[in-house]
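Thank you all for coming. I would like to take you slowly through one model today, so please have the view open in front of you while I talk.

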Amino acid sequence: MLALRRLPRSIVGFAGVRGNASLQSSSSAEPVTPLPPPPPQAAVPTPEPSPSPAKPAAAEASASASPKEESARGTVNQTDRKWPTRRPPISAKNPREWNRPIAKGVLPVYDEALAYIQQDSAQIKLELKELQTKVEALENVPEEERDVEALEELREKLKILEIQSEANLPDVRWKAWNAMGDMNKLIYRHLLEQRWREDGVLDLLMERIHQMNVVPDLLPSLHPTLDLRLNFPDVPKSGWTRHRAKRQYKKVEPGVFLLPEQTWRQPVLYTTVFHTDTRLYTLLMVDLDVPDTESQSYQAYLHWMQPNIALSALSPSPIPLTTSHTRYIPPHPQQGTPYHRYVVLLLPQESPTERISIPAPSDEERLGFNFRAFAEKYGLDGNRGGGAHMWREVWDNTVSRFYKDILKTEEPRYGRIPMEDPYVEVKKSKKYL
């Protein structure tokens, strides 16, 4: 027999659902009263062709209905719904021109300030043209009769006037802060470098490098001249989507702690270079805190190296590292050790145009990497500039999988040497005679 159960009124729409169904015939079941047929739809007359055809009455009624009524009837078309639009972020791919924050005439003081800035820029540009004629006249003088010191002074003054002529213009600053400036122009390179040096980005980097003793543990001194940034993938939330979710790369602040799972793949390197000529750099990534049991101290480990990287203010960012000189080995802090310091250096080579030949070290030669001897041999010096970045990591369970699956070696474990117990012999004897 087929047993029917009465559904509550809140779900009358599912009155045709059967409960406790079986394979037996349903002929002996109580008859179910069929629903009344829907009323016939009224024929809508076809409107005559006209320049502006009128809408049918049904269409006007549906258009005048509110979205809540349409959703209640279930007649809302998802494609017809007007979704709120959002402007794309400003970038070189999506440029946007500078616009006045307020209309002209609303605030007369602002209008006068803009007029004064433009007038000052025009006056400096007139001085710039006069100085350019003097420089060109001195450059046409034969080298034997040319005053080199006076020419260099005029060239420096020429650069200063070129910067001052556009440094206060709102549209120039707008393009510089929104990555739309032409790096061929001196003004945009000057504004970006000034922002990097004075807004705290460089100060934070040097603070972390000196606080974590990267200087002098790795190199004696460092004076960065380019902005180096690292992006690593973020760790997704725990759950069944952890291994399926697409990870987004995020900017890493110098000195922060990262999980070993985040650094399994090599980082994405972004640079902001302030010189227009192409120069060669060498990329190094070093771990400073690998235990050395023989000397009861620590030694360095080379994780990554790439020489002869050509960079300039017009170079693409991120750095396209198509070839790998020394393959990237992910960080793997050993169990039982304190946090490890991982440092990325991008140092200028001794000759900015001549490529250097460095033999690729084997996996065994990575351990005990002597950076100072390497830098002295190949002419790498942090005093000449370059870029740097660092972060920290500690051991977790993912490091054990790294040793097993990638390095295929037994995982080392370290710890403190246990102290000798002076009462060992006493503890062995009986307490009571």
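I will begin with how the values were obtained, then turn to the backbone, the largest pocket, the aromatic rings and a few contacts between distant parts of the chain.

Please keep in mind that this is a predicted model, in which local features need a pLDDT of at least 70 and side-chain atom pairs count only at pLDDT 80 or more, while totals for chains, interfaces and linings use all residues. Residues are numbered from 1 along each chain as its sequence is written, and side-chain values use heavy atoms, with hydrogens and water left out.

Let me start with the backbone. As general background, most residues other than glycine have a negative phi, and most peptide bonds are trans. In this model the peptide bond from Val215 to Pro216 is cis, with omega near 20°, and Pro216 itself lies in helix H8, residues 214-217. When I name helices and strands, I mean DSSP runs numbered from the N terminus, with H or I over at least four residues for a helix and E over at least two for a strand. A cis bond is also found from Ser317 to Pro318, where omega is near 10°, and Pro318 sits in the loop between strand E5 (297-311) and strand E6 (340-348).

Now consider phi. Asn213 has a phi near 60°, which is positive although Asn213 is not a glycine, and this residue belongs to the loop between helix H7 (201-211) and H8. Is Gln296, which also has a positive phi, of about 55°, without being a glycine, buried or exposed? With a relative accessibility of 62%, Gln296 counts as exposed, whereas Asn213, at 39%, is partly exposed; here buried means under 20% relative accessible area, exposed means over 50%, and partly exposed is in between, using a 1.4 Å probe and protein chains only. Gln296 is placed in the loop between strand E4 (279-292) and E5.

Let us move to the largest pocket, which holds about 800 Å³ of space. Of the 28 residues that line it, those closest to its centre are Ala179, Leu192, Arg229, Thr271 and Thr272. A pocket, on a 1 Å grid over the protein atoms alone, is an open set of points where a 1.4 Å probe fits, with protein on both sides within 12 Å along at least five of seven lines, and lining residues have an atom within 4 Å of a point. Which elements supply at least two residues each to this lining? They are helix H5 (170-177), helix H6 (186-198), strand E1 (227-233) and strand E3 (268-272), and H6 gives the most, with four residues. The lining also draws at least three residues from each of domain 1 (108-198) and domain 2 (200-406), with bounds that come from an automatic or database domain assignment.

Next, the aromatic rings. A search of the whole structure finds nine aromatic pairs. In one of them, the rings of Phe369 and Phe374 have centres 5.4 Å apart and planes at 55°, so the pair counts as tilted; rings of Phe, Tyr and Trp (its six-membered ring) pair if their centres lie within 6.5 Å, and planes under 30 degrees apart are stacked, over 60 edge-to-face and the rest tilted. Both Phe369 and Phe374 are buried. Elsewhere, ring pairs link Phe232, Tyr342 and Trp391 into a cluster.

Finally, some pairs of residues that are separated along the chain. Leu302 belongs to strand E5 and is buried, with a relative accessible area of 1%; Leu302 and Tyr342 are 40 residues apart in sequence, yet 9.9 Å apart in space from C-alpha to C-alpha. Ser400, in helix H11 (residues 397-407), is partly exposed at 27% relative accessibility, and its C-alpha is 9.9 Å from that of Pro333, with their positions 67 residues apart in sequence. Asn94 lies in the loop between helix H2 (67-73) and helix H3 (108-139), and its C-alpha is separated by 9.3 Å from that of Met180, 86 residues apart along the chain.

Technical notes. Points joined across faces, edges and corners; volume = space filled by probe spheres on them.
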